Amino acid sequence: MFAQLQLHERLLRALEENNFTEPTPVQQQAIPLILAGRDLRATAQTGSGKTAAFLLPVLHQLLSAEQSSPATRVLILVPTRELAGQIMDEVQRFSRYTFLQAAMLIGGEGFKEQSALLRKVPDILVATPGRLLEHIQAGSLPAGELRWLILDEADRMLDLGFADAMQAIIAACSNRQQTLLFSATTGGRALRDITQAVLRNPEHLMLNPVSQLSETTRQQVITVESDSHKEKVLAWLLANESYRKAMVFTSTRAMADQLYGRLRAQDYRVFVLHGEKTQDERKQALQRFSQGSERVLIATDVAARGLDIEGVDLVINFDLPRSGDEYVHRIGRTGRAGEDGLAISLIAHQDWNLMSSIQRYLKQDFEKRILPGLKGNYHGPKKVKASGKAAGSKKKKPADKTAKVAKKPVRKPSPPRKPLASDDGHAPLRKKPVARQDD
Ligand code: AMP
C-alpha cells in the first residue's frame with residue numbers, strides 16, 4: 001500500500017484519486033531510498049512505474065523542505081519531447097493538491113516563451129538536454145539553485161548523442177543534493193562512466209534484468225527472402241493477427257515512409273512517426289493512436305522512444321533492431337501490466353546472426369513461425385554453430401604469408417557487410433549517433 005511509504009498526505013490524495021493503490025516493484029524499492037536522501041541508479045523500463053518511483057519521493061521532499069525564497073529546485077532531464085510530455089502529465093497529476101508548479105522546456109517550441117516561464121520560477125522543470133543547455137547558457141536558468149537532478153532514460157540520452165550536453169548540465173547543477181539516474185537497460189561504458197562521475201555513493205536497483213523481459217509477450221521470428229516478401233508478410237500479419245494496437249519498427253525514415261504509403265494504399269488506418277515530422281504532426285498522430293482511431297503506428301526507434309501508449313499488443317520488427325538493448329526498448333511496449341503481447345521479427349538472411357546475438361543476450365529462444373501461403377525461399381542457414389550463428393559466416397583468417405601459396409586469380413572485393421551485434425547486445429561498429437531528431 002502507498003500509505004505505508006510515508007508520503008505526504010497531499011500526494012496520497014492524488015494517488016487515491018488516480019486509483020494508484022499498490023506501488024509497483026520499482027516504486028516499492030526506490031521510494032524509501034530516495035526519501036532517505038540516497039543517490040540512486042535504477043534499471044527499470046518504461047511501463048514499470050518508474051516515473052512515479054522518482055516523482056513521488058522528490059515531490060514529498062519538496063513539500064517537506066523549508067524554503068525561504070522561491071527557486072527552481074528540481075530538474076528532470078529526458079531524451080525526447082514525447083517523454084517530457086508524459087512526465088509533465090504525471091507531475092501535474094501528482095501535484096494536483098499542492099502549490100507546486102512545473103514547466104516543460106523542449107526543442108521546437110518558443111525560446112522566449114520558455115524564458116518567460118522560467119522567470120515565474122517553477123519548482124520543477126522537465127526538459128530535453130539541448131534546449132535546457134541553451135537556457136543555462138543564455139542565463140535564463142540559475143542552475144546553481146537546482147537541488148534534485150533526475151536523469152531519466154539516461155542510456156537513451158547517450159545513444160542520441162547528448163553526452164556533452166548532459167555533462168555540461170550536470171556540471172552546472174553544482175549544488176544538487178540528490179541525483180537519480182534511471183535507464184531502461186544496463187547500457188554500455190558511457191553510461192557506466194557517467195554513473196560513476198555523477199552519483200555519490202549510490203544505491204543500485206536492478207528491476208528488470210533483460211532475461212526476465214516481458215514474460216507475457218510471445219516472441220516470434222518469421223524468415224523472409226526479400227524486401228517485397230517482407231512487405232507481404234507485414235500486410236498479412238496486420239490483416240490476420242488479432243490486436244488492439246500495433247507498432248511496426250523500421251530502421252530508417254525512408255523505409256517508414258515507404259511502408260506508410262503502401263499500407264495506406266491498402267486502406268490500413270496507419271500513421272508514421274519519425275524525426276522529420278513536426279511537433280504538431282507528432283502530437284496529433286499520437287493522440288489519434290492513443291484514442292484508437294488509428295491502430296497501426298510505423299516508427300523509427302528514435303521517434304518511438306519512451307512513448308507510453310496503452311493497449312499496444314503487437315510489435316513487428318520490420319527491420320531488426322541493431323542491438324539487444326534496442327530490442328528490449330521496442331518489445332517493452334507490449335505485455336505491460338501482465339497483458340498478453342506478441343512480438344514478431346522479420347528475419348532476412350543477413351539478419352540471422354544479429355538475431356542469434358539478441359537471443360543470447362536475452363537468454364531466450366524466439367519461436368520460429370511459418371505463414372502458410374507466404375513461405376518464401378529462405379528458412380535460415382543450413383547449419384548453425386553452438387552460438388546459434390550461421391556456420392561458415394565468420395571471415396576467413398588471412399593466409400599465412402610465409403606459407404607457399406599457389407597463384408590464384410584476383411577476386412573482386414566483396415561488398416561491405418552489415419555490422420553484427422556482439423553478445424553484450426551492442427553492435428561493435430556503431431554508426432555515429434543519430435542526429436538529434438528529438439530535441
Ligand atoms: P511509467 O513506467 O512511469 O511510464 O508508468 C507506466 C504507466 O503505469 C503510467 O501510465 C502510470 O501512470 C501507470 N502507473 C505507475 N504506477 C502505477 C501504480 N502504482 N498503479 C497503477 N498505475 C501505475
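Which residue has an N or O atom in its side chain 2.9 Å from an oxygen atom of the ligand? The residue is Glu-90. The model in which this pair is found is a predicted one, in which local features need pLDDT of at least 70 and side-chain atom pairs count only at pLDDT 80 or more, whereas totals for chains, interfaces and linings use all residues. Residues are numbered from 1 along each chain as its sequence is written, and side-chain values use heavy atoms, with hydrogens and water left out.

The ligand is a suitable place to begin. A polar contact is a pair of N or O atoms within 3.5 Å; within protein, one must be able to donate a hydrogen and the other to accept it, and residues adjacent in sequence count only if both atoms are side-chain atoms. Besides the pair with Glu-90, a nitrogen atom of the ligand lies 2.8 Å from a backbone N or O atom of Glu-22. A polar backbone atom of Lys-50 is 3.3 Å from an oxygen atom of the ligand. Taken alone, the ligand exposes 500 Å², and the protein buries 78% of that; such areas come from the Shrake-Rupley method with a 1.4 Å probe, and for residues only the protein chains shown count as cover.

There are 16 residues around the ligand, of which Gln-27, Gly-47, Gly-49, Thr-51 and Arg-93 come nearest. Here a residue is near a molecule or strand if one of its heavy atoms lies within 4 Å of it. The shell comprises 3 nonpolar, 8 polar and 5 charged residues. In this division Ala, Val, Leu, Ile, Met, Phe, Trp, Tyr, Cys and Pro are nonpolar, Asp, Glu, Lys and Arg are charged, and the others, Gly among them, are polar. Helix H3 (50–64) and helix H4 (81–94) each supply at least two residues of this shell. Helices (H or I, at least four residues) and strands (E, at least two) are DSSP runs, numbered from the N terminus.

Charged side chains also meet one another. The structure holds 17 salt bridges, a salt bridge being a side-chain nitrogen of Lys or Arg within 4 Å of a carboxyl oxygen of Asp or Glu. One of them joins Glu-17 and Arg-96, at 2.6 Å from N to O. This pair links distant parts of the chain, for Glu-17 is in helix H1 (residues 9–17) and Arg-96 is in the loop between H4 and strand S3 (102–105), 79 residues apart. Glu-17 is partly exposed because its relative accessible area is 39%, while Arg-96, at 54%, counts as exposed. The cut-offs are under 20% relative accessible area for buried, over 50% for exposed, and in between for partly exposed (1.4 Å probe, protein chains only).

A second salt bridge, between Glu-241 and Arg-369, also has an N to O distance of 2.6 Å. Glu-241 is in the loop between helix H10 (227–240) and strand S9 (245–250), and Arg-369 is in the segment after strand S14 (367–368), 128 residues apart. Both of these residues are buried. Elsewhere, Lys-50, Asp-152 and Glu-153 are linked in a network of salt bridges; Lys-50 was met above through its backbone atom beside the ligand.

Arg-369 leads to Gln-220, since the two are in contact, which means that they have heavy atoms within 4.5 Å. Gln-220 is found in strand S8 (residues 217–223) and counts as buried because its relative accessibility is 3%. Its other contacts beyond four places in sequence include Leu-342, Ala-343, Ile-344 and Ser-345. Ile-347 is found in strand S13 (residues 341–347) and is buried, at 0% relative accessibility. Among the residues that Ile-347 touches are Val-221, Ile-222, Thr-223 and Val-224. The C-alpha atoms of Ile-347 and Val-224 are separated by 5.7 Å, although the residues are 123 apart along the chain.

The last element is helix H6 (residues 129–137), which is mostly covered, with 7 of its 9 residues buried. Among the buried ones are Leu-132, Leu-133 and Ile-136. The buried residues of H6 pack against strand S2 (74–77), S3, helix H5 (111–119), strand S4 (124–127), helix H7 (154–159) and helix H8 (163–172). After H6 comes Gly-139, whose phi is positive, near 80°.
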